Amino acid sequence: MSKKKISKEKSIRRAKTTTEIAISLVLLGTCAFFIRNSLNHAKTVEPSPYVEQNNNIDIEDPSATTLPDPNQTIYESLSVNTKDKFRGDLILVNKEHQYFGGDEDLVSITDMNYENEINFFSAVDSTYTILKEVYSPMVKMIQDFYDKYQNDTLIIYGSYRTTDFQQELYDNDVANNGGEESTRVAKPGFSEHETGLAFDFSETENNDYQGTGDFEWINANCYKYGFIVRYTSSKEKITGFQNEPWHFRYVGIPHAYYMDANDLCLEEYIKLIGEHPYDKEHLEFSDDKGNEYEVYFVKSDDGNDKTTVPVPAGVRYEISGNNVDGFIVTVYKGQKPIVEEAPTKTFEDASEENTENSTDEGEDDNSEDTDDYSEY
Ligand SMILES: [Zn+2]
């Protein structure tokens, strides 16, 4: 009885041990699977063939054979939310591409002017707001204009609009048009003003800003601050809007520079960047201050919540959605990232970086940058 019991216990123990071994083996296997999987995920993305071409050129140089090339860009994967293709400085919002926003980081122009003791321009209404990141470059541009011409007649006549407000404007314009579809006011959901990235100038003398006289300087130099004159008569057929010399849109300095220098409207520029995907030749250029940039496109993975975006390691970059079919990566060559440890950055972090940077440039470094611009 007792013997039987012992043997039973033994067999139970043996069975237990066998089960434990089996479980351990399964666990080990699972661990190995996960480790291998995470290694696969941690693996940096394949370098762009375009980059490899560059390497070949470097290898031909005998002095470069023994040392690693410091100019070689190493890319790594960044996982971003696919729906973030609807956000960022480079989103294309027009009659065909609706804006899907709602969580804009806005500031009151009147409050910010008061806090910063700025009195050389004002908003026509104290409720007017604009994206926080756009406020600083806008003020910097107006400040330089004021310093140059001692002209304090500029007012912000339009800035961020809620979709309800856009609806109101649209309905009024349709009513004034005798019920005809409006050609001057964008349909609600399709106005750049709903993004917080755009504003309209007017002036207190005639309430009619045409970008002429003193103001010609603003329209000619706005690209240096990251703005474009969004609707011009020469691009009317592409944008679908009449000439609006008063409507400025923020896109960031590299892009504003490129569009100005190559006479491209935003529709044409977004199309051009789409022709420079990650695995083909990137768009590379320097601005008139000698800053070098590299820009490329990454299609969004629309079937998945996340899209893998290759980004350069150890170099400052920004990601923006294009509001159409993917992401635009802007590389600030020769500039270190503001936050080290780029691999764990999210899209939100990258946006914060933009904001921090523009704030730094706009407020802390004001005098130095102002000097640079007043040379033009
Ligand atoms: Zn406007």
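This report walks through two sheets, a pair of helices and a zinc site.

The model is predicted, so to speak of local features a pLDDT of at least 70 is needed, side-chain atom pairs count only at pLDDT 80 or more, and totals for chains, interfaces and linings use all residues. Residues are numbered from 1 along each chain as its sequence is written, and side-chain values use heavy atoms, leaving out hydrogens and water.

**The zinc site**

Let us start with the metal. Donors are N, O and S atoms within 2.8 Å of the metal (3.2 Å for Na, K and Ca), and water is not among the atoms, so sites may look incomplete. Which protein atoms serve as donors of the zinc ion? They are His193 (NE2), Asp200 (OD), Asp200 (OD) and His247 (ND1), at 2.1 to 2.6 Å from the ion. Along the sequence, the donor residues follow the spacing H-x6-D-x46-H. The angles among the 4 donor atoms run from 54 to 150°, and the site is irregular. Four donors count as tetrahedral if all angles lie between 85 and 135 degrees; four count as square planar and six as octahedral if opposite donors are over 155 degrees apart and all others between 65 and 115; anything else is irregular.

**Two open sheets**

Strands (E, at least two residues) and helices (H or I, at least four) are DSSP runs numbered from the N terminus. Two strands pair if DSSP finds at least two bridges between them.

| Sheet order | Strands | Pairing |
|---|---|---|
| 3-5-6-8-7 | 5 strands | mixed |
| 9-10-13-12 | 4 strands | antiparallel |

In the sheet of 5 strands, the edges are strand 3 (122–123) and strand 7 (227–231). Strand 6 (residues 198–203) and strand 8 (residues 244–250) pair in the antiparallel sense over 3 bridges, and Phe199 stands opposite Phe248 in strand 8.

In the sheet of 4 strands, strand 9 (283–286) and strand 12 (316–321) are the edges, each pairing on one side only. Strand 9 joins strand 10 (residues 292–299) through 4 antiparallel bridges, and Ser286 has Glu292 in strand 10 as its bridge partner.

**Helices on the sheet**

Contact means heavy atoms within 4.5 Å. Helix 8 packs on this sheet, touching strand 9, strand 10 and strand 13 (326–332). Helix 9 lies across strand 9, strand 10 and strand 13.

How do the helices meet? In helix 8, His255, Tyr258 and Met259 meet Leu266, Tyr269 and Leu272 of helix 9.

Terms used
Axes fitted to C-alpha atoms, helices over the stretch in contact; angles between N-to-C directions.
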